[in-house]
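Welcome! Take a moment with the sequence and the model, and then let us look at the pockets together.

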Amino acid sequence: MAYDAPVSELVFALEAHAGISKLEGLADFAAYDPDLVVPILEEAAKLARDVLAPLNPVGDRHGAVLTDDGVVAPPGFADAYTAFREGGWMGLSVPEEWGGQGLPKVLALAVMEMFHGANMAFGLCPMLSFGAIEALLAHGTPEQQAAYLPKLVSGEWTGTMNLTEPQAGSDVGALKTRAVPLDDGSYAISGQKIYITWGDHEMAENIIHLVLARLPDAPAGSRGISLFLVPKFIPQADGTPGARNGVRCIGLEKKMGIHGSPTCVMEYTDAKGWLIGEVNKGLACMFTMMNSARLNVGLEGVAVGEAAYQTAFAYAQERKQGRVESVTGPAPILHHADVRRTLTTMRARVAAARAICYACAVAADLSHAAPDAETRAAARVREDLLTPIAKAWSTDMGVDVASLGVQVHGGMGFMNETLAAQLYRDARIAPIYEGTNGIQAIDLVGRKLAGTKGASMRAMITEIEETVREARATNDPQLVQIADRLKAAAAALTEASDWMVRTLPDEPEKALAGATEYLALSGDVIGGHFLARGAIAARALDPAQRARQLALAGYFAETALAAAPGRVPAITEGGARFIEGSEALFGV
């Protein structure tokens, strides 16, 4: 089964869920025309379906290979990257002054969903380049931007993010990579980095590493970290790659999934690098890149979930087993109610996660492109709130949905040669990437909620309550029922949010013990809100689309939203049980 991008579903999510129309007429997106959306997505869908998807099992079976000359990507990947680069996909949302097309970030996100769905291992390469571009746009000097952005935007060069070290995982303050100042204003970078995605390959003529390191006199911990730009080949005066720098891949990790993506151990030996931003302010610079990556990783959950749904649906139509009244002889398993329940669960959760990610991207676009400061500030708050939810809720969903895809396949899904098995293995990294989902939950509660004294979530809930009123005003019995479920779920989220804001200052351990459950509830309610909005908007569409959106929103309401009130005790009381019983449970 080959991945086939659901273009109509993506267009619907952009319009009805995320509100891409808010971006029309903004000066930053002067090149944006709503009539371009479908042609752009359809063209990207061709690349995803015809080029990337056939290479997905190839990458899984063959993997990347480390040779004496460096890392070689799986067969076909280099040609696929050339097609990606020549299509101009790298610069879709980059300002035109740097060779991009100046289109909204949310549209580029929809395109990347298709590439990740077709071949997640391949999609990781441009995903890291997007982050490098954003970091240079925000923190690079004019000279650095002029030297590196055009090549990154064109896709001729790719970018990486180098944080993790053997002794420093999520605690980047423990890193030991050194940066020694040189007389010419550059730095000599020495140390080892692990888990570096696409840290080396032959698909592009140069690779630009963004590396966290510390100066000899830097303060201890995260306050002493700086960010450096370290190219694989040092550019010459004419911009072409010159001498090989002191950085190389010394090993490839043997992983559970995403075999087509080389995960490198990188050794830096007096590699020449240049400071990005200010000395000892590297973590703030890197967070620009990480926030971009977190949303894109959330999108990977959506993409793999969609691919798993498509694979399971195709199998359910073909696999015959058991009998039903309406079919003569053995029936396709799609006719069995529990299989249809499973597929509906998969589809509804994918749609909810897609809506959250796209809405987060629209907020990101508005945060810098809206004409007035008040709208920009509100959009930034919304982006900040939705980012950890988009990353964690969507990637947890991707794993769960991929697991359900295996279940639909039965014993065949447990066989390594099936796409269902590969998708499950590939999906599992996403909840770990770019800050584990537990860290995302802590960020949501400790920074995004508490940092605004709950105002960020109250603004979100106010919008949810407006959706409740709009749904009830239709007098459609199914929409009214969805509204009732959404209203009760919003009340549960309000109760949990108020408890978090009250509890965190005085009992932080108790509050943080409920953070993961709180993020899960937030994703359920916000996702249900977007699906309800979609069901309302679909009343103006053709009967088939209307029925489909109503069915998805209704099912989500009677499952996820109906369970929301019962999730509050796990947030407010669940943590107390294992904190109070810590010695008995863990001996600490």
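## Two pockets to explore

In this predicted model, the largest pocket has a volume of about 1000 Å³. Its lining is made up of 37 residues, and those closest to the pocket centre are Thr 164, Ile 432, Tyr 433, Glu 434 and Gly 435. Several elements give two or more residues to this lining: the helices α5 (120–139), α7 (282–318) and α11 (437–449), together with the strands β3 (157–162) and β5 (187–197). Which element gives the most to the lining of the largest pocket? That is α11, with 5 residues.

Now turn to the second largest pocket, with a volume of about 880 Å³. Here 33 residues form the lining, and Lys 105, Glu 134, Leu 137, Ala 364 and His 368 are the closest to the centre. At least two lining residues come from each of α4 (105–118), α5, α7, α8 (337–369) and α9 (373–409). The biggest giver to this second lining is α7, with 6 residues.

Two helices turn up in both stories: α5 and α7 each give two or more residues to the lining of the largest pocket, and each supply at least two to that of the second largest.

The table sets out the kinds of residue in each lining.

| Pocket | Nonpolar | Polar | Charged |
|---|---|---|---|
| Largest pocket | 18 residues | 11 residues | 8 residues |
| Second largest pocket | 16 residues | 9 residues | 8 residues |

To find these places in the model, you could start from Tyr 433, among the residues closest to the centre of the largest pocket, and then move on to His 368, among those closest to the centre of the second largest.

Notes:
Residues numbered from 1 in each chain as written. Predicted model: local features only at pLDDT ≥ 70, side-chain atom pairs only at ≥ 80, totals over all residues. Heavy atoms only, no water. 1 Å grid on protein atoms, 1.4 Å probe; cavity = no way out; pocket = protein on both sides within 12 Å on 5 of 7 lines; lining within 4 Å. Points joined across faces, edges and corners; volume = space filled by probe spheres on them. Helix = DSSP H or I, 4+ residues; strand = E, 2+ residues; numbered from the N terminus. Nonpolar A, V, L, I, M, F, W, Y, C, P; charged D, E, K, R; others polar.
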